[in-house]
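Q: Please take a close look at one part of this model and follow it outward. Keep it brisk, and spell out the cut-offs as you go.

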Amino acid sequence: METIGSLILIAIGAALINNFVLHYFVGICPFIGVSRRVDMAFGMGCAVTFVISIAAFLSWTFTYFILRAGAPVTSWIWHVLRPDSELVPDLSILNYIVYIFVIASSVQLVEMYVRKFFPALYKSFGVFLPLITTNCAILFACLEIMKHVSGASDPSQVWGLDKALVLAIFGGLGFTLAIVMMAGIREELDQCDVPKALRGPAITLITAGILALAFLGFSGVDRGLAALFQ
Amino acid sequence: MVDKPKQDNEEAPKGSTAFLHVGSSPHLSNSRLTTQRMMIDVLIGLLPILVFAIVIFRWFAILQLGICTVSCIAFEALFSAWRGKPSPLWDMSATVTGVILGLSMPWSAPWYIGVIASGVAIGIGKIVYGGLGQNIFNPAMVGRAFVMISFPAAMGAAAYLDPDGTLKIVTQATPMSVARSSATPLWPLFLGTVNGSLGEVSTLAALIGGGYLCVRRSASYEIPVGILGTIFILGGIQNLLNPDSTFTVLHHLFGGPTMFGAFFIATDPVTSPVTRRGKWIYGVSIGLIIMLIRVFSGYPEGTMFAVLLMNGVVPLINRWAIPIPVGGPVPVRAQ
């Protein structure tokens with residue numbers, strides 16, 4: 001019960017309360033760039049969700065088994081090399097490089113897949129598909145997972161793969177929700193007499209600000225739900 | 001003169017020219033159905049709430065309402081002039097925004113909060129999107145959310161005016177925040193002799209005014225019925241689960257701005273869905289979010305956030321809740 005409860009909390013937290021776009025303001029560049037049409041926005045949301053899940057799986061695996069202080073694989077190799085050493089190997093310094101490598105390769109995977117099977121979508125994404133590589137929402141998910149794996153002081157608090165994947169998938173769904181909502185609004189805005197200086201990205205950012213105000217209403221829901229599960 | 005064509009049109013005697021109008025929707029069956037008439041209807045519907053607010057909060061209510069209304073009208077005139085448009089004050093929409101904004105503020109909020117909220121409501125909520133009829137979010141709620149986040153301490157009503165006219169600077173929380181710990185009697189909650197924002201205190205007044213709006217069809221009944229029905233069902237379930245709780249389903253319905261929001265804020269025709277099915281979806285979702293925020297979140301009240309959030313979803317609802325045309329669904333051609 002408690003495990004399921006904490007998973008639900010992570011899911012709701014990532015999708016609604018701490019929505020990647022509307023609470024942490026990461027992943028703004030595809031949010032602004034590909035939110036002109038609802039179907040394109042949905043495609044982008046799916047692509048980001050997919051990449052974020054792959055990246056979360058790989059980065060959790062690397063962090064848990066290799067990178068964190070006292071990780072099993074690294075410790076074993078160190079033990080073989082220097083059997084009499086008292087030092088605990090810690091490769092956390094390599095976190096960022098590994099994550100960037102992982103994200104870039106999973107984006108490449110998605111790009112090849114979309115190019116082969118959805119050529120129209122590939123065309124409409126344009127430069128934004130390779131730009132998922134630099135999408136901070138994905139790096140943010142990886143860093144969030146790192147915080148709970150190598151940053152946890154108490155060994156019982158270290159996140160397992162299930163929590164990492166739930167965070168990534170629901171974070172991606174929250175991103176999809178936000179970008180589809182924004183695309184719906186922007187299609188409506190096409191008919192609006194927005195001042196010339198504010199058309200395009202400016203009005204989108206203002207709208208995102210108002211949406212973020214609305215999402216603030218969810219703050220604290222996680223604490224209320226946590227009380228429910230105990 | 002810029003206004004010339006319109007004046008010509010108005011001066012033409014009505015009914016003298018008989019010709020068939022062919023145009024795109026909306027097909028108005030009644031030429032008196034203007035924005036101005038609807039806005040005046042809303043103002044008439046707000047009258048009972050205004051009367052209750054003034055009876056309960058005396059001149060504090062008048063002051064707060066005056067600040068919000070006057071600054072909304074002033075900002076509307078200012079921003080319209082800025083954009084080089086003829087001032088749209090005659091359609092009364094700025095007045096309605098100002099009154100609703102004033103009613104959603106606690107009387108104890110300092111004057112500058114009302115002014116800031118009005119500026120944000122008219123400027124960022126409305127003019128930036130191109131003015132009346134094109135705004136995505138309810139302007140009054142944009143303004144209120146802005147000041148709610150910026151000045152959280154000042155937005156809680158921190159004092160209460162006694163029935164005998166003396167000012168009690170007792171920090172009495174609003175019923176919605178105090179009710180979780182202690183019992184609140186229902187009857188004052190229904191009548192409105194409790195603390196809170198100006199417009200949220202009296203359920204009775206909101207019911208009278210909202211009923212008038214629905215009968216006049218200036219507000220669609222689906223939205224308030226959807227909101228209140230959802231709150232009734234969910235609150236009832238919660239009530240059945242905790243029969244000892246002093247916070248019953250009726251407290252959910254009568255307390256806080258539920259009624260005011262359901263009848264006057266959520267039903268804004270610009271920011272609510274067009275189709276009947278869409279209105280049901282909209283109303284029920286607002287009710288769900290209100291209950292989610294009320295029961296679980298740190299805020300005592302969620303009507304404002306729920307309305308803003310669903311305003312953002314309205315374009316998608318409009319897209320997906322297209323009614324089936326007369327004669328059944330259009331058959332999909334087999335490929």
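A: **Chain A and what it touches**

Chain A has 10 helices and 0 strands. Helices here are DSSP runs of H or I with at least four residues, strands are runs of E with at least two, and both are numbered from the N terminus. Along the sequence the pattern reads α-α-α-α-α-α-α-α-α-α. Taken along the principal axes, the C-alpha atoms of chain A fill a box of roughly 75 × 45 × 30 Å.

The model is predicted: local features need pLDDT of at least 70 and side-chain atom pairs pLDDT 80 or more, while totals for chains, interfaces and linings use all residues. Residues are numbered from 1 along each chain as its sequence is written, chains are lettered from A and ligands numbered from 1 in the order written, and side-chain values use heavy atoms, without hydrogens or water.

Start in the loop between α1 (2–17) and α2 of chain A, where A:Phe25 sits. Its phi is near 55°, a positive value in a residue other than glycine. Most residues other than glycine have a negative phi.

Next comes a helix pair. The axes of α3(A) and helix α7 (residues 136–149) of chain A come within 9 Å and cross at roughly 30°. Axes are lines fitted to C-alpha atoms, for helices over the stretch in contact, and angles run from 0 to 180 degrees between N-to-C directions. α3(A) is therefore roughly parallel to α7(A). That label covers angles under 35 degrees; over 145 counts as roughly antiparallel, 65 to 115 as roughly perpendicular and the rest as oblique. The crossing of α3(A) and α7(A) is right-handed. Right-handed means that the near helix is turned clockwise from the far one by less than a right angle; anticlockwise is left-handed.

Which residues make this contact of α3(A) and α7(A)? From α3(A) they include A:Val51, A:Ile52, A:Trp60 and A:Tyr64. From α7(A) they include A:Ile138, A:Cys142, A:Ile145 and A:Val149. Contact means heavy atoms within 4.5 Å. By class, the residues divide into 13 nonpolar, 2 polar and no charged. Nonpolar takes in Ala, Val, Leu, Ile, Met, Phe, Trp, Tyr, Cys and Pro; charged is Asp, Glu, Lys and Arg; the others, Gly among them, are polar.

Look now at A:Tyr122, found in helix α6 (residues 119–125) of chain A. Leaving aside neighbours within four places in sequence, A:Tyr122 is in contact with A:Glu111, A:Val114, A:Arg115 and A:Leu129. The C-alpha atoms of A:Tyr122 and A:Met112, 10 residues apart along the chain, are separated by 9.5 Å.

Charges also pair up. The side chains of A:Arg37 and A:Asp190 meet in a salt bridge (3.4 Å, N to O). A:Arg37 lies in the loop between α2 (28–33) and α3 (38–67) of chain A, and A:Asp190 in the loop between α8 (161–189) and α9 (201–215) of chain A, so the pair ties together parts 153 residues apart in sequence. A salt bridge needs a side-chain nitrogen of Lys or Arg within 4 Å of a carboxyl oxygen of Asp or Glu. Over all chains the count comes to 9 salt bridges.

Between chain B and chain A the count is 2 salt bridges. B:Arg83 and A:Asp193 meet in a salt bridge through their side chains (3.6 Å, N to O).

That leads to the partner chain. The contact takes 31 residues from chain A and 30 residues from chain B. The two chains bury about 2,600 Å² between them, 75% of it on carbon and sulfur atoms. In chain B, B:Tyr129, B:Phe296 and B:Leu309 lose the most area to chain A, together 23% of what that side buries. Buried area is the accessible area (1.4 Å probe) that two parts lose on being put together, summed over both.
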